[in-house]
Amino acid sequence: MNVYQIPETLPKEIDHLENLIGKFQQGTLNETELKANRVPFGVYEQRQKGTYMVRVRCPGGIITPQQLKAVAEISGKFGSRNLHITTRQEIQIHDVDLNGIVPVIRSLYDVGLSSRGGGGNTIRNIMASWDSGIAHGEIFDVTPYAVALTERFIAESDSWTLPRKFKISFSNSKQDNAFAAVNDLGFIAEIRGGKPGFRVYVAGGMGRSPQVGQLLHDFIPDGEVYLVARAVKVLFDKYGNRKNRHTARLRFLWQKLGREKFIQLYQKEFAEAKNRKLQPLKLKEFENRAREHYDLRPADEKTPEFELWKKRYVRSQKQPGLYAVIIPIQLGILGVNEAIVFAEFAKHFGDNVIRFTPQQNISLRNIPEEYLGNVYRNVRRVTHLADQPFLLGNTIVCAGASTCQLGICRSRDALTALTKKLTDSGIDLDAFADMKVNISGCSNACGQHFLADLGFYGKVGRKNHISYPAYNIVVGAEIGKEEGARFAEKVEEISARNLPEFVAEFLAGYGEKKDSYDSFTSFLQNGGAEEVRSICQRYRPIPDFDEDKNYYFDWGAREVFSLAGRGQGECSAGLFDLIEMDLSEITELKKQLGEVAEEENRAEILYRITLLSSRMLLITRGIEASSDDEVFDAFARHFIQAKLIDSRFGSVIETAKSGKRARLTAIRQEALDLAEAVEALYHSMDDSLRFNTEIEEEKGEQGDETTAAGQEEKPHLIRDYRGVSCPMNFVKTKLDLSMMRKDQILEVLLDDGSPIENVPRSVANEGHEILRQKKIGQYWSVLIRKKA
Amino acid sequence: MISFTDQQLERYSRHIILNNVGIEGQLKIMQGKVLIIGVGGLGSPAALYLAAAGVGTIGIVDADKVDLSNLQRQIIHFTSDLHKTKTQSAFEKMKALNPDVHVNTYHLRVTAENIREIIRDYDFVIDGTDNFPAKFLINDACVMEGIPFSHGGILRFSGQTMTVVPGESACYRCSFPEPPPKNAVPTCAEAGILGVVAGMLGTIQAAEALKYLIKQGSLLTNALLTFDALKMDFRKVALRKRADCPLCGENPTILRLEDIEQAVCELKR
């Protein structure tokens, strides 16, 4: 069985892509042109140059066991040992090299799968409720609509050249577990007068400027799904903003036009589509029923673990005697071998049995009760989370700063730390099976924090010029409400370091009172949000760098947290956070300047404005200064000498740096002009952090290390192993060194006595270089250069 | 991504300190997958040591139940385990020793039908079986799937072992093309085994698996190690990969797996 029909033109398009790749390899086609064709094919370049990711379309998250096995085998042959399940219910093949792209796409085509539209400005994978067709209380099965609309849209060439990506989703009930109300276009099943149809939302989306979907139709009969989708697509195609990709999504068009104008233009397109008497969607049924015969002996499973697992992960279907199972896949990462083992097993139950869920898990449906034991045994081979509480299996987390260019915080490592904390805490996590805890590494909402009961997204904190990893806390998303969806809202922030403690404390508190509230929302409204604030209050302020460095290391990171050097090429949300923070303080200070009378205070304000103006954009050059003077020096070098800022401002900087702040009042206008000049420069900055005025100037990154005056070799990483005895201090030092690149420098603090006698010697024995060891009071500081 | 908890660092510290293992080596061990076929005399020590070492995934295959006569040498099984399946008994000990380790159990006998599917998931296989048909089956399946394995055999006071890296080194059939005729195999009644010999040999096999995972030193390939515990003589006999090997040679005649008839044994094992 193939889930969806692939247009006959695809093989030709694949040939075309092959041709382009060939030209690129011969050097007759540049990278940008190849990219323009590659991305709409669902092929992305990964962080590591020359390696690619292929995203496979699975409408409604459906894939047959045969197809899943094939995808795994293709990945094993051309890509990585791990597949990746996405929050849009697709599956991705990673680490494919340039020569592998076309063979991968052809092999997918052979088994009825396509990656077309997986990326770029296209119709993205169309989602559907993972439990559609089997859920008790659903309105009707929406799967056929998601599949039929996919078939129609992937055959229309204008689906590949939209102003920006276009996301569609179908939910089988008001619960809206496919998040229709936060997609560009969302359909929620409803029955009116005995006829099936949909409530329709439009212009929703997450990311940096999220908007919940707006009601487009109170009800449309199911025969008009295609007309509505077609009309919205044409509208978007015609009026969407193609100039600025950051304001291109449908929701920005809605905001620009306003509701009335948007609806008016839409209705024109809808009438137009209706006039053309287009064919309605061709629906095909996806049957959910038991097979007549199973080539499998029921497993006799009676362990308490099995019983617990059934409570956590097994749901009865509306078809009597059949069950659906959720298989939690940590971070959506599914090993190729595991995928094959699972697919082989799933075959026993038919073709229509697998769905990927938006929680990056797998669900397996249509299982007769007597085979649940067999499923349990198979699940234990496929996932390490089989015996974990549902809360942990259902958490969404993005890739985070460990691999994502845009990331600020290492969200995956934060989850690992959180999981450990919760597991060790003894809290009964099964009491929170209905709760969603999601974590994003930055304000782009890949970890879907906006849809969480308790969500987190990474941000930069700053104390005394030193950055530290932190998270905004958002609470109380409401999806599936009559009046439309509501995103989780920000209530607080917490350092990354304290995040696990915060969650554990919060859950423990909520757990005690849980029974007195009918929902998490009502808890939040009646003191819950206040509880979040008061817990966070206790974790503030964070200690200074010298007091406790742990706060300045992100979870799983081996280097002090820093945004310096990140985000080249694409806008990093974290950079903007920092810049905006300084900018808003400047604006505030300017206001104050007019209000204070004493000259002394004015001088202080002007000094601060000059300092912030100088600091604001340093991060774009990969610099994080650690003192006021360093800020001024770096600004003079990278902005004034680099001719990005007029040299006439040199004197303001000199004055501020000289310590004679009082003199600033005499050149007040220049200080304010400087602030304006910097702000204007910031607004001229493009996605690659380059400025309009930027001439042949280079980033100066190489220059930085060598020219920075008076700086001896600065350690890349500082570790305090005082109080750690032999040989664990050596073991930990080895771990640190293993994370570092050659020639990087590690500073370790060691106790006097056997630690200082043994550790440096052992480190040297392994070929690393001891640069110096210095006694400071009762302990030692040792500088180690990692061997080449 | 590298990530060790403090407890893991401490648990594996004596590995990590070793220059040839270190963080990288321990990480490879923790990502490694080893299959042990037979958790009897050889499989017991191998399973315990590999679990202790932190091998990420260990599969154990055995169709038998724990019998009183096993306990003299199969040290993973205790008196309280009598009549339990060996896989269940071993699973419990390995998990108790090291909860980090993921243990897959296969309560079955490997056959031509199922073996390739099972071994495919693993990086290395340890042959801890007690009969020739199984040893030939494991050799053939591993060569066909390209999965390295350690062969082992014990009798009375002596043992023999070799490691096979398919495609690179001699396979078992390069030296022993066919299973011995039925009447040439010592029956269980004549055989007997000194318990510790099983421990000695199974431990050597586990060492080979670990070395394979961390890619250090040299494996016991193209050689057969034999020892006699009565005299404590150890000998290494050189072997070579034969071009006319019926399995891994240039013109192989064994193209698919077949079950070989088992030699009959009247006594229970």
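**A tour from core to edge**

Begin with Val54(A), Leu149(A) and Leu364(A): in the largest nonpolar core, which has 197 residues, these three touch the most other members. Now select helix α6 of chain A, residues 225–239. This helix gives the most to the core, contributing 9 residues. Keep in mind that this is a predicted model. In soluble globular proteins, nonpolar side chains tend to be buried together.

Next, centre on Leu364(A). What is it in contact with, leaving aside neighbours within four places in sequence? Show Ala324(A), Val325(A) and Ile327(A), then Ala346(A), then Val353(A) and Ile354(A), and finally Val375(A).

Now pick out Ala47(B), Leu50(B), Tyr122(B) and Ala141(B). They are among the members of a second, separate core of 82 residues.

Return to chain A for the sheet. Colour β6, β7, β8, β9 and β10: they form an open sheet of 5 strands in that order, with mixed pairing. Which strands stand at the edges? Select 127–128 for β6 and 214–221 for β10 in chain A. Each has a single partner strand, so one side of each is left without a neighbour in the sheet.

Move to β8 (residues 185–192) and β9 (residues 195–202) of chain A. The two run antiparallel, joined by 8 bridges. Zoom in on Ala189(A); opposite stands Phe198(A) in β9(A).

Last, colour chain B by pLDDT. The chain's mean is 91, and 93% of its residues reach 70 or more. Select residues 264–269 of chain B, where pLDDT is below 50. Beyond near neighbours in sequence, this stretch has 7 contacts in the model. Where pLDDT is low, the predicted coordinates should not be read in detail. For the model overall, the scores are ipTM 0.75 and pTM 0.61.

Definitions and conventions. Residues numbered from 1 in each chain as written. Chains lettered and ligands numbered in written order. Predicted model: local features only at pLDDT ≥ 70, side-chain atom pairs only at ≥ 80, totals over all residues. Pairing = 2+ DSSP bridges. Helix = DSSP H or I, 4+ residues; strand = E, 2+ residues; numbered from the N terminus. Core = buried A, V, L, I, M, F, W, Y, C linked by C-beta atoms within 7 Å. Buried ≥ 20, exposed ≤ 12 C-beta atoms within 10 Å, placed from the backbone. Contact = placed C-beta atoms within 7 Å. pLDDT = per-residue confidence, 0-100.
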